Amino acid sequence: MLDEKTLLNLLRARAAEPFCSLILSGQKTVESRFSQNRISPWHKVRDGDVVIVKKSGGCFTAVFEAAEVWFAQPPHDLERLKSYSKALCVDEAFWHAKAGCRYATLMGISRLFVFQPFVLPFANRKGWLDFHG
C-alpha cells in the first residue's frame, strides 16, 4: 500500500509558444518558473514528480518527469541560471525580462511522453498547479 511519503506530486504546467513546441520536440531539456513571490512550484516540485504540459490556451500535450530540481534566488544565482540558457532555449532578452524576479525553479525534463492532444474543461488560468493536496 502506498503512503504519503511514496506518493509523487502531479503538477500542471502551462507552456506558451515557442516553449511548448520546444518541449514537445525535445529541444528544451530544462523547464523553469520565475516569480516575484514564493508560489508553486517554488519548493513544491521535487525530483520524480509528474508534470503534465498544457499548451497555453490549448490542449494537454505531454507529460514528463521532473529531474534534478533546484531553486534559486536571482540575482544571487543569476550566473548559474544563465548557464542553463541553451537547455532552456532562451536568449539574453529572456533574462532581461526576468530581471525583477526573486524566485526561480528549474527542473530537468526527463522521460518525456508526447501524446495525442486533448482538451479538458479547465477554468484555472494559473501557469502552474499542483494536485497533491
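**Close-up 1. Glu-31 and its neighbours in the predicted model.** Leaving aside residues up to four places away in sequence, Glu-31 touches Ile-23, Phe-64, Leu-88, Thr-105, Leu-106, Met-107 and Ile-109. Glu-31 itself sits in strand 2, which covers residues 30-35. With a relative accessible area of 5%, Glu-31 is buried. The Glu-31 side chain also pairs up with that of Arg-33 in a salt bridge, N to O at 3.8 Å. Arg-33 is buried too, just like Glu-31.

**Close-up 2. A salt bridge between Arg-111 and Glu-65.** Here the closest N and O atoms are 3.0 Å apart. This pair links distant parts of the chain, with Arg-111 coming from strand 5 (residues 103-118) and Glu-65 from strand 4 (residues 60-72), 46 residues apart. The two partners fall into separate accessibility classes: Arg-111 is exposed at 68% relative accessibility, while Glu-65 is partly exposed at 22%.

**Close-up 3. Lys-55 meets Glu-17 in a salt bridge.** The N to O distance for this pair is 3.5 Å. Lys-55 belongs to strand 3 (residues 50-55) and Glu-17 to the loop between strand 1 (10-15) and helix 1 (19-25), so the bridge ties together parts that are 38 residues apart in sequence. Both ends get the label partly exposed: Lys-55 has 34% relative accessibility, and Glu-17 has a relative accessible area of 37%. For the wider picture, the model's salt bridge count comes to 5.

**Close-up 4. Cys-59 in the loop between strand 3 and strand 4.** Leave out residues up to four places away in sequence, and Cys-59 touches Val-53, Lys-54, Pro-117, Phe-118 and Val-119. Leu-120 belongs in this view as well: 61 residues separate Leu-120 from Cys-59 in sequence, yet their C-alpha atoms are 7.6 Å apart in space. Cys-59 counts as partly exposed, at 23% relative accessibility. That label applies because the value is not under 20%, the cut-off for buried, and not over 50%, the cut-off for exposed.

**Close-up 5. Two cis peptide bonds, Ser-40 to Pro-41 and Pro-74 to Pro-75.** Most peptide bonds are trans, so a cis bond is worth a look. Going from Ser-40 to Pro-41, omega is near 15°, and Pro-41 is in the loop between strand 2 and strand 3. Between Pro-74 and Pro-75, omega is about 5°. Pro-75 is found in a loop as well, the one between strand 4 and helix 2 (78-82).

**Close-up 6. Positive phi at Glu-68 and Cys-89.** Most residues other than glycine have a negative phi. Glu-68 has a positive phi, near 50°, and it does so within strand 4. Its relative accessible area of 67% makes Glu-68 exposed. For Cys-89, phi is also positive, near 60°. Cys-89 is located in the loop between helix 3 (85-88) and helix 4 (92-97), and at 28% relative accessibility it counts as partly exposed.

Notes:
Residues are numbered from 1 along each chain as its sequence is written. This is a predicted model: local features need pLDDT of at least 70, side-chain atom pairs count only at pLDDT 80 or more; totals for chains, interfaces and linings use all residues. Side-chain values use heavy atoms; hydrogens and water are left out. A salt bridge is a side-chain nitrogen of Lys or Arg within 4 Å of a carboxyl oxygen of Asp or Glu. Helices (H or I, at least four residues) and strands (E, at least two) are DSSP runs, numbered from the N terminus. Buried means under 20% relative accessible area, exposed over 50%, partly exposed in between (1.4 Å probe, protein chains only). Contact means heavy atoms within 4.5 Å.
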